[in-house]
Structures are given as structure tokens and as C-alpha cells.
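This briefing introduces one protein structure to a reader who has not met it before. Please look over the sequence and the model first, then use the points below as a guide.

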Amino acid sequence: MKNLPLAGLRVLEFTQMVMGPCCGLILADLGAEVIKIEPMPRGDRTRHLSGLAAGFFAAFNRNKKSIAVDMKSVEGLALVKKLVGKADIVIENFRPGRMDNLGLSYKTLSAINDRVVYCSLKGFLPGPYDKRSALDEVVQMMGGLAYMTGLPGKPMRAGASVNDIMGAMFGVIAIQAAIREREKTGKGQEVQASLFENNVFLMAQAMLAEAMTGETSEPWSVKERPWPVYDLFDMTDGTQLFVGIIGDGQWNDFCIEFGRPEWLSDPRLQSNNDRSAQRSWLLPEVRNMLTAMPIDQLIERLEAIGLPFAPVRRPGELLEDPHLLASGGLIDLTLPNGVEARTPALPITFGGKRLNPTAGLPTVGGHTRNVLSEYGIDANEINSMIAKGIVAEMLGERPGEDSAQRTAQSA
């Protein structure tokens with residue numbers, strides 16, 4: 001897609017793990033030039049994670065340029081500051097105080113370039129907690145999400161990095177607002193987004209429900225549903241299907257489609273609250289009706305009358321989802337080990353089309369020479385910096401190299 005909305009903006013990204021890289025990914029897919037500043041010699045540490053974290057780098061670092069810099073050296077730090085002079089945006093999500101210790105605080109960088117928008121993505125916004133380190137699990141526990149997700153007495157982390165990813169989105173929102181403000185003032189500013197406050201935002205409806213009702217929240221696993229049908233059904237083929245009926249129109253369509261017109265005139269079932277109060281006998285009746293038929297037939301009938309439903313799937317099954325494949329919702333991506341895979345596109349459209357960037361994952365320092373050349377640094381000086389170990393190029397993994405090989409090489 002040509003003429004992307006953020007084309008012409010240059011971003012320097014000092015990030016790792018999920019929140020910061022995800023923020024950079026969104027900016028890159030929207031058209032910004034995102035230059036990932038990676039430490040030498042191995043780059044972003046998420047390149048080398050395994051297990052459940054093995055997908056971190058591939059998920060959040062496509063469509064970026066990478067340069068490898070020794071930021072602990074005087075020369076490397078001076079180079080980074082030179083890059084800031086022609087940047088529009090800086091994003092960072094290092095531990096509290098890390099950028100200050102490197103000499104890359106907003107105060108320092110804004111003195112070099114007062115138009116720069118500096119986005120810090122942290123565990124906590126300013127306040128008593130702001131020096132604490134945080135993880136998605138940490139803020140889910142202290143922010144009520146784990147309590148609402150798990151069983152009573154057994155809080156459970158959500159099955160995705162929800163605060164990291166949503167916090168990155170708020171970071172992008174703040175950056176875009178600051179860029180808009182810069183159009184009026186000519187000056188950049190520092191903006192922040194965080195994990196904890198993001199999680200608290202997610203809890204707004206539960207917090208206000210307690211204020212409205214005076215009742216303590218219960219986990220979703222056991223709380224009484226405020227709708228007559230909002231449940232998971234075990235089908236005869238061993239699969240599971242969620243079905244929700246949450247409005248009068250949906251209730252009317254359901255009763256007619258599934259042969260229960262008498263329920264429409266039942267005085268016990270005239271409003272949503274009435275029907276919810278009758279769940280003790282109503283839900284078993286509905287369960288018997290729905291689970292008696294093949295799931296494909298049931299899905300066809302539910303879709304025909306517009307009821308919310310969802311089969312329970314594993315993440316890997318989404319790679320073959322017909323809707324995602326047909327609508328451009330998946331992007332082809334070559335992984336660092338050479339495996340061909342697919343990754344989700346940004347969940348938005350422009351002019352009815354999904355964004356489908358063609359740039360893949362950068363190797364560590366894969367764009368060092370090109371980026372420095374664009375900044376007006378001549379080839380001899382670049383070669384000298386490489387020879388002195390101030391910068392490096394092409395330090396990434398070789399296609400097909402697995403984690404065991406990397407471990408053996410680094411031992």
C-alpha cells in the first residue's frame with residue numbers, strides 16, 4: 001500500500017521483549033521508518049529466547065531496519081546522538097533509569113533535537129511504583145486481571161501478553177497525538193505508556209460494577225452471567241462452542257429458529273434480566289438443544305440468524321483460518337531459522353484493505369551501512385567504525401541455525 005499515513009517519520013527504537021518492539025512494529029507497518037538500535041554482539045535478546053517466548057522477536061520486529069552499536073563506548077554513544085538529530089520519534093522500554101545511565105534521557109536528547117517525540121514504555125507511570133520492574137504477569141496480578149481470569153483462589157495469567165501489546169497501542173496513540181501537537185508548536189515532548197495503568201484501564205467495567213452494585217467482583221469462571229446464554233458447550237464430536245444470546249432481538253430469533261416460540265410468550269422470560277434469573281432451568285434446556293446436533297449444522301444455523309458464536313481453537317489453527325487467509329489478515333514471514341511462516345497483520349484496514357508490509361525480519365546490524373550512509377557518513381568512516389567495533393553489520397543468525405547450535409557456539 002502506497003502513501004501510508006506515517007510515511008516520512010523516522011523512529012529510533014531502543015527496545016526489547018514485547019511492549020517496545022510492538023510499539024515500533026505498529027509505527028513501521030503504518031509507514032514510519034523504524035531503525036532498531038541493537039546492542040553488540042547478539043542484538044535484541046528476544047532473538048535467542050526459547051519455549052513460549054520463542055516467537056517474541058518474529059512477532060514484533062518485522063518491517064524494521066537494524067543497526068548494531070556499542071552504546072557503552074564514547075564513540076557509539078556519540079553516533080546514537082547524531083542519529084537522534086534527524087529523528088522524529090524515539091521509543092524505549094528499558095528498565096527504569098537505564099536510558100538516563102546511558103546518557104540518552106529525554107532531557108539530553110531534546111537538547112540535541114527539540115522536535116523529537118520521546119516515548120517511554122514502562123511498568124508504571126510516575127508515582128510511588130515507578131521505580132519498580134514489571135512484567136505482564138506482575139500487573140495482571142496486582143491489577144485484578146489474573147483474579148478475574150482464574151478460578152477462586154487461583155488467579156491465572158491471561159494467555160497472551162495483553163498489557164504489553166495494548167500498552168504499546170497506547171504508546172502509539174500518545175506518539176501520534178504528540179506529533180499532531182508538534183505541528184502547532186514546533187516542539188516535541190516526552191510521552192509515556194505503561195503496563196500497570198493499562199491493566200487498570202482494562203478493569204474499568206469491573207471496578208465500576210462494584211461501585212454501582214456494592215458487590216465484590218467474582219472471577220469470570222464462576223460469576224453469574226448477566227445474560228441468559230453466554231456459555232461454552234461441549235459438542236458430541238469432542239469440540240467446544242461458545243454461544244451468546246444478549247439481546248431481545250437475538251432471543252426472539254433464537255426461539256423461532258430452534259423451535260421454541262412458546263418461550264416468547266412465557267411471562268418468566270420477557271426481559272433480559274428475567275431470562276437471566278431463570279438460567280437454572282433455561283440453560284440446561286438450551287444446552288440439550290444445541291449439543292444434540294452436529295457442530296457444522298449448528299454453526300450454519302447460528303450464523304444465519306446472526307447470533308454470536310465461536311469454536312474454541314488453538315493458536316496454531318489460526319494459520320489456516322479461511323477468513324484471515326481471504327482478507328489479508330496473515331503476512332508471509334521467513335523466520336530466523338529459515339522456516340516459512342505466517343504472522344498476523346495489524347487488525348485495521350485503510351480503504352477496505354489490510355496492511356501487508358513486504359519487509360521481513362532484520363538481522364542484527366543488517367542495515368548499519370545503509371542507515372549510516374543515509375545520515376551522510378561516508379564509506380571510509382563507516383569502515384573505520386566497523387573495524388574499531390563501534391558498529392557492526394550482519395551479525396544475525398544464519399538461516400537454519402537452531403538454538404542448540406547457538407548454545408554450542410557461545411559456550
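**The first strands**

Strands β1 and β2 run parallel and are joined by four bridges. This is a predicted model. In the pairing of these two strands, E13 has K36 of β2 as its bridge partner. The residues of β2 are mostly covered, with six of the seven buried.

**The protein as a whole**

- The protein contains 18 helices and 14 strands.
- Its C-alpha trace spans about 85 × 45 × 45 Å along the principal axes.
- Of the 411 residues in the protein, 42% are buried.
- Among contacts with a separation of 6 or more, 70% are between residues 24 or more positions apart.
- The exposed area of the protein is about 21200 Å², and carbon and sulfur atoms supply 55% of that area.
- The protein has 43 positive and 48 negative charges, and the mean positions of the two sets are 7 Å apart.

**Loops around the early strands and helices**

- M17 sits in the loop between β1 (10-14) and α1 (19-29). Its phi is near 65°, a positive value in a residue that is not glycine.
- M17 counts as partly exposed because its relative accessibility is 26%, which falls between the cut-offs of 20% and 50%.
- The loop between β2 (33-39) and α2 (56-60) contains P41. The peptide bond that joins M40 and P41 is cis, with omega at about 5°.
- N63 belongs to the loop between α2 and β3 (65-69). N63 is not a glycine, yet it has a positive phi of about 65°.
- Is N63 buried or exposed? N63 has a relative accessibility of 18%, so it counts as buried; the cut-off for buried is under 20%.

**A buried residue in helix α8**

- Helix α8 covers residues 162-185, and N163 lies in it.
- N163 has 0% relative accessibility and therefore counts as buried.
- Which residues does N163 touch, leaving aside those up to four places away in sequence? They are D136, V139, Q140, L145, A168, L195, N198, N199 and L202.

**The three-stranded sheet and a helix across it**

- Strands of a sheet pair through backbone hydrogen bonds, in either a parallel or an antiparallel way.
- Three strands, in the order β7-β8-β9, make up an open sheet with antiparallel pairing.
- At the edges of this sheet are β7 (229-234) and β9 (309-311), each of which pairs on one side only.
- From one strand to the next, the twist averages 15°.
- Strand β8 covers residues 240-245 and is joined to β9 by three bridges, the two strands running antiparallel. F242 stands opposite A310 of β9.
- Helix α13 (residues 279-291) lies across β7 and β8. The helix runs at about 45° to β7.

**The hairpin of β10 and β11**

- How many bridges join β10 to β11? Five bridges link strand β10 (residues 330-334) to strand β11 (residues 340-344), and the two run antiparallel.
- L333 is placed opposite A341 in β11.
- The hairpin has five residues between its strands. In this hairpin, G338 takes a positive phi near 90°.

**An exposed residue in strand β13**

- Strand β13 covers residues 353-354, and K353 is found there.
- K353 counts as exposed because its relative accessible area is 58%, and the cut-off for exposed is over 50%.
- K353 and P228 are 125 residues apart in sequence. From C-alpha to C-alpha, K353 and P228 are 37 Å apart in space.

Notes:
Residues numbered from 1 in each chain as written. Predicted model: local features only at pLDDT ≥ 70, side-chain atom pairs only at ≥ 80, totals over all residues. Heavy atoms only, no water. Buried < 20%, exposed > 50% of the residue type's maximum accessible area, 1.4 Å probe, protein only. Contact = heavy atoms within 4.5 Å. Areas by Shrake-Rupley, 256 points an atom, 1.4 Å probe, with all protein chains shown as cover. Lys, Arg positive; Asp, Glu negative; His and termini not counted. Charge placed at Lys NZ, Arg CZ, Asp CG, Glu CD. Pairing = 2+ DSSP bridges. Axes fitted to C-alpha atoms, helices over the stretch in contact; angles between N-to-C directions.
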